[in-house]
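Biologist: Can you pull up the model so we can go through it together? I have some questions about it.

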Amino acid sequence: MYWIWGLILCIGVFLWWWQRSARLYWEKYGVSYIAGPPFIGALKDLIMLRKSFAGLFLDVYNYKKFKDEPITGVYFFHKPCLIIRHPELIKNILVKDFSSFIDRTISCDPHEDIIGTDNLFAVKGQRWKNIRNKVSPVFTTGKLKNLFLLMVDVSKTLEQKLQAEIGDEAKEYEVKEFVSFYTTDTVALCAFGVQANSLLDRNADFHKKAKKTFELNWKRIFSFGSCFFFPKFATWFRIQFFSKETNEFIRSSINYVMEERIKSGSKRNDLIDALIAMREEDSELFKGDTLVAQAAIFLVAGYETSSSTTAFVLYELARNPEIQEKVRKDIMDYMAKYGSVQYETIHEMEYLHCVLQETLRMYPSLPFLDRVYSPPEGEEKYFLEPYHSFAIPKGMPIYVPLVALQRDEKYFPNPTEFIPERFSPENRDSINPYCYMPFGAGPRNCIGSRFANLQVKLSLITILRSYRVEATDRTPKFIEYDEKAVVNTSKQPLYMNLKRL
C-alpha cells in the first residue's frame, strides 16, 4: 500500500507543480492569466463538449477580470498561448509584421496526410507562398465570371425545385440542410467539374459523401482538437485532418475528372481546368495529393461555411420581417432594372450586401484566427510595446477571438441585435477593419471570399424574390453553436417556412 500512496502523492505534487509553473510563467511577464486543469488548460469545457469553439473564445475574451487588457495568457494542453484583444496588435500581427507570423498553428501527419498538410489553409512557410501564388489566379475577376455562370445554372435548378415543392400553402424546411444541397451542387460543378444533382435527388452520392466529411464522432473531434491545439501530438501520432474515407473520396473524384478532362481536351473554365494548368506549369510543386489538397479546402469552404452562412441569413430575416422586406425590395428593384442577375452588377444590391455582412459579423464561419510566431533567423522575440511589455517568444501560438471581437459592444453597439445598417455606405467607414474580419485579414486572408459571397447571394436572391421566410414553432429563439463542429454552425435545426409571395 505504501507504494500506491507514494504514487498518488507524486501525481498530486506533479499536478500542483504544473499548475503553479503555468501561473508563474505568465505572472513573471506581467500577463493576465486564465487558469485551467493540468494538461488541459483552458480547453476543459471544449474537450468535455460543454462549450463550442466559439463559446470557448467568447469566455476567454470576455473574462470579467481581464476584459480590458490588450492580451491574456492561457494554456492549451501543455503550451502557453496568447490571446490578442487590441485591434492595433491584431493589425501588426496579421498585416504589418506578417512575415514573422506567416504560419497557422494547425498541423497533422506530414508523412501520410498530404491533403491535410498541403492545402492552402494549413500549409506553412515558403511552401504556402508558392502555392498561394499559383492558386490566386483561380479567383481573378475573369475566372470568377466563368464560375458565376455555373452558379447561375445551379440557382435556376434551385428555383425549379422550390416551384415544384411549394404551392399555395407554406412549406417548412430545415434550411441548413436544404441550402446544403445548393452549395453541394455549386461546389461539385465549380470545383470538381461534375453534376452532383443534389437539389433534384437528396440521396445523391456526392452530397452524401460531402456531408459525411463534416459528421463528427469522438475520434474526429479528438483529431481536430489535436491538429489545432496540440499540433506536436498530431504530428507524433500521425493524425489526419480529414478521415481516410474523406481523403479517398476527394482524391478519387479529382483524379478521375482530371483524367477525363485531359483525355477529352474539353475546357469548362472551372477549378479542374485551373488545377490541370497548375500541374503542367509546376509539376514538382503540384504532384500527387498536393493538387488534390487545394480542391479539398475548396469543398470545406464552399459546402459547409456557405450553407451555414445562408441559413443564418434566412434565420435572421425570419426573425426580422421588416428587414426581410427591405432586402426583397432591394432585390426586386434590381431585377426590374436588369431582368436577370449579372456578375458585373450583383453588388448594386446594397442592402442585401449589408445583410450578408451583418450576418458574418454575428456568425463568422471561423470562431478564431490563429498564427504562430516564426521569426526570420536571428530574431527570437516579438515585442508588443507600447501596448504591453511582454515579448512573444519564438514558436508561441497567437489567437484572435474573432467571434468575440465582432460581438464586442465597444466596437458594435447592441452587438446581439441584427442591424444591417451598420454596414451602409455612410456607416461602414466607422468600423475598425481589425474588429471585423469574417474572412481574415492580411496576406493570409480567405482567398475564396468573393466566390463565397457570390454563392450565398445567388441563393438568397433566388429564394427571397419569390418566397417569404417565416419563423415557425420549431424555429430557435436564439442560436447556440454546435459543440462538435470546428466551424460555427447551429446546434439546433433551423426550421423555417417558405411561403410563395
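Modeller: What follows is a walk through the sheets, a few loop residues and the cavities of this predicted model.

Biologist: Start with the mixed sheet. What is the strand order there?

Modeller: The order is 1-2-7-4, in an open sheet of 4 strands with mixed pairing.

Biologist: Which strands are at its edges, and why do they count as edges?

Modeller: Strand 1 (71-76) and strand 4 are at the edges. Each has a single partner strand, so one side of each has no neighbour in the sheet.

Biologist: What about the twist?

Modeller: From one strand to the next, the twist averages 30°.

Biologist: How do strand 2 and strand 7 run, parallel or antiparallel?

Modeller: Parallel; 2 bridges join strand 2 (residues 79-84) to strand 7 (residues 397-400). As a marker for that pair, I83 has Y399 in strand 7 as its bridge partner.

Biologist: Which strands does helix 3 lie across?

Modeller: Helix 3 (residues 53-61) lies across strand 1, strand 2 and strand 7. Its direction is at about 135° to strand 1.

Biologist: Now the other sheet, the one with strand 9. What is the order there?

Modeller: That one is an open sheet of 3 strands in the order 3-9-8, and the pairing is antiparallel. Strand 3 (171-174) and strand 8 (467-471) are the edge strands, each pairing on one side only. On average, neighbouring strands of this sheet are turned by 35° against each other, direction ignored.

Biologist: How many bridges join strand 8 to strand 9?

Modeller: 5 bridges, between strand 8 and strand 9 (residues 495-500), which run antiparallel. R468 has K499 in strand 9 as its bridge partner.

Biologist: And over how many bridges do strand 3 and strand 9 pair?

Modeller: Over 4 bridges, in the antiparallel sense. If you want a residue to look at, Y173 has M496 in strand 9 as its bridge partner.

Biologist: Change of topic, loops. Where does S198 lie?

Modeller: S198 is in the loop between helix 8 (175-191) and helix 9 (205-213).

Biologist: Is S198 buried or exposed?

Modeller: S198 has a relative accessible area of 0%, so it counts as buried, the cut-off for that being under 20%.

Biologist: What is S198 in contact with, leaving aside its neighbours within four places in sequence?

Modeller: F181, T184, D185, A204 and H207.

Biologist: And N197, what is its phi?

Modeller: Phi of N197 is near 55°, which is positive in a residue other than glycine. N197 is also in the loop between helix 8 and helix 9. With a relative accessible area of 39%, N197 is partly exposed.

Biologist: N414 was on my list too. What is its phi, and where does it lie?

Modeller: N414 has a positive phi of about 50° and is not a glycine. The residue lies in the loop between helix 17 (402-405) and helix 18 (449-464). N414 is partly exposed, at a relative accessible area of 46%.

Biologist: Which peptide bond is cis?

Modeller: The one from E385 to P386 is cis, with omega near 10°. P386 is in the loop between strand 5 (381-383) and strand 6 (391-393).

Biologist: Last topic, cavities. How many of 30 Å³ or more does the structure hold?

Modeller: It holds 2 of them. The largest has about 60 Å³ of space, and the second largest has a volume of about 40 Å³.

Biologist: What lines the largest cavity?

Modeller: The lining is R104, F121, F228, L366, P367, F368, L369, D370, R371 and V486. By class, these are 7 nonpolar, no polar and 3 charged residues.

Biologist: Which element gives the most to that lining?

Modeller: Strand 4 (residues 369-372), with 3 residues. Strand 4 is also one of the edge strands of the mixed sheet.

Biologist: And the lining of the second largest cavity, by class?

Modeller: There are 4 nonpolar, 6 polar and 1 charged residues. Among them are E304, T305, S308, T309 and F312, along with Y363, P364 and S365. V487, N488 and T489 also line the second largest cavity.

Conventions:
Residues numbered from 1 in each chain as written. Predicted model: local features only at pLDDT ≥ 70, side-chain atom pairs only at ≥ 80, totals over all residues. Heavy atoms only, no water. 1 Å grid on protein atoms, 1.4 Å probe; cavity = no way out; pocket = protein on both sides within 12 Å on 5 of 7 lines; lining within 4 Å. Points joined across faces, edges and corners; volume = space filled by probe spheres on them. Nonpolar A, V, L, I, M, F, W, Y, C, P; charged D, E, K, R; others polar. Pairing = 2+ DSSP bridges. Axes fitted to C-alpha atoms, helices over the stretch in contact; angles between N-to-C directions. Contact = heavy atoms within 4.5 Å. Buried < 20%, exposed > 50% of the residue type's maximum accessible area, 1.4 Å probe, protein only.
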